[in-house]
Amino acid sequence: MTVKVSAIVEGDGEVHALPILLRRIAQWLTPECPVQILMPIRVPRMSLVNRPQEFSRHLQLAASKCGESGWILVLLDADDDCPKALGEQLRERAQQAMPHRQVAVVLANREYEAWFIAAAASLEGHRSLRISRDDAEAEAEQPRNAKGWLALRKADRSGYHPVTDQPALSARMDLQMAFDRSRSFRKLCSDWIAKTRLFCPAD
């Protein structure tokens, strides 16, 4: 059975990047499970965090897309919020709204781009990035502006553009490196394994 994954994201970059990343995670962690990554649903962060009815409505849309043979992933940037506290709050809301469906909530600490910082050594030379030894050892989830961190390391001074750079870097980043150096990326991976194997148990 093909496991369908329906995601809810907040940014245009994630709409294009997350399916690439999830397909790579699937090949890496659950290669025995056929999966279909559906086009993510983009919803403004405020609607998901501050408007429970909007959150519930989009969860229902995601559930209708993946059907009974799949699960829902809600992926947001933590920004200045505590990932654990906000994640628990959103998970409780999701459980109340969709008690019979599988929903995972992951907050990238602080931004999706922090996962690129975690795997920075593997991105040297890609998308004109120049990564020093100190950069490769940087605390991945510390910078408040991970997008700005990446922009400053563009040798061509072209700036960081999520719609184009985020998919390209998601296709290139070393997943094991990101896993080792980012707690929130490990959370994404553990949720991926747990939810996917509910529908496709390991032998």
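So, the lining of the largest pocket: the biggest share of it, four residues, comes from α4. Before I go further, keep in mind that this is a predicted model. Helix α4 isn't on its own there, because α4, β5 and α10, which spans 183-199, each supply at least two residues of that lining. The volume of this largest pocket comes out at about 300 Å³.

Who's in the lining? You've got Pro-83, Lys-84, Glu-88 and Arg-91, then Val-105, Val-106 and Leu-107, then Asn-109, Glu-141, Arg-183, Ser-184 and Lys-187. In terms of character, that list divides into six charged, four nonpolar and two polar residues.

Okay, let's follow the chain around α4. Helix α4 covers residues 83-97, and together with β4 and β5 it makes a β-α-β unit, a right-handed one. So which strands pair with β4? On one hand there's β5, residues 103-108: six bridges join β4 to β5, and the two run parallel. If you want a spot to click on, take Val-74, whose bridge partner in β5 is Val-105. And Val-105 turns up again in the lining of the largest pocket.

On the other hand there's β1, residues 3-9, which is joined to β4 by five bridges, again running parallel. Here the pair to look at is Val-5, which stands opposite Trp-71 in β4.

Now, how covered is β4 itself? Strand β4 runs over residues 70-77, and eight of its eight residues are buried. It's worth turning the view to see both faces. Gly-70, Ile-72, Val-74 and Leu-76 point one way, while Trp-71, Leu-73, Leu-75 and Asp-77 point the other way, and all of them are buried. Yes, that includes Asp-77.

Let me move over to β1. Why do we call β1 largely enclosed by the rest of the structure? Because six of its seven residues are buried. Besides β4, strand β1 has other partners to show you. Three bridges join β1 to β2, residues 35-37, and those two run parallel. Val-3 stands opposite Val-35 in that pairing. To get from β1 to β2 the chain crosses through helix α1, residues 12-29, and this β-α-β crossover is right-handed.

Then there's β3, a short entry in the list, residues 41-42. Two bridges join β1 to β3, and they too run parallel. The contact point to look for is Val-9, whose bridge partner in β3 is Arg-42.

Next, a couple of helix residues. Ser-47 sits in α2, residues 45-50. Is Ser-47 buried or exposed? It has a relative accessible area of 6%, and the cut-off for buried is under 20%, so Ser-47 is buried. If you leave out residues up to four places away in sequence, Ser-47 touches Glu-54 and Phe-55.

Moving along to α3, residues 52-66, that's where you find Arg-57. Arg-57 has a relative accessibility of 45%, so it counts as partly exposed. Here's something to check on screen: what separates the C-alpha atoms of Arg-57 and Ala-97? They're 40 residues apart along the chain, and the separation is 8.8 Å. Ala-97, by the way, falls within the range of α4, which is residues 83-97.

Last bit: backbone oddities to look at. Where's the cis peptide bond? Go from Asn-109 to Arg-110, and that bond is cis, with omega near -5°. Arg-110 lies in the loop between β5 and α5, residues 114-118. Asn-109, meanwhile, is one of the residues lining the largest pocket.

Further down the chain, look at the loop between α5 and α6, where α6 is 133-136; Arg-127 is in there. Its phi is near 55°, a positive value in a residue other than glycine. Arg-127 is at 34% relative accessibility, so it counts as partly exposed.

Ser-128 is in the loop between α5 and α6 as well. Phi of Ser-128 is near 65°, so we have a positive value in a non-glycine residue here too. But what about burial? Ser-128 has a relative accessible area of 18%, and since buried means under 20%, Ser-128 is buried.

That's my tour, so over to you.

Terms used. Residues numbered from 1 in each chain as written. Predicted model: local features only at pLDDT ≥ 70, side-chain atom pairs only at ≥ 80, totals over all residues. Heavy atoms only, no water. Buried < 20%, exposed > 50% of the residue type's maximum accessible area, 1.4 Å probe, protein only. Pairing = 2+ DSSP bridges. Right-handed = clockwise from strand over helix to strand, strands pointing away. Contact = heavy atoms within 4.5 Å. 1 Å grid on protein atoms, 1.4 Å probe; cavity = no way out; pocket = protein on both sides within 12 Å on 5 of 7 lines; lining within 4 Å. Points joined across faces, edges and corners; volume = space filled by probe spheres on them. Nonpolar A, V, L, I, M, F, W, Y, C, P; charged D, E, K, R; others polar.
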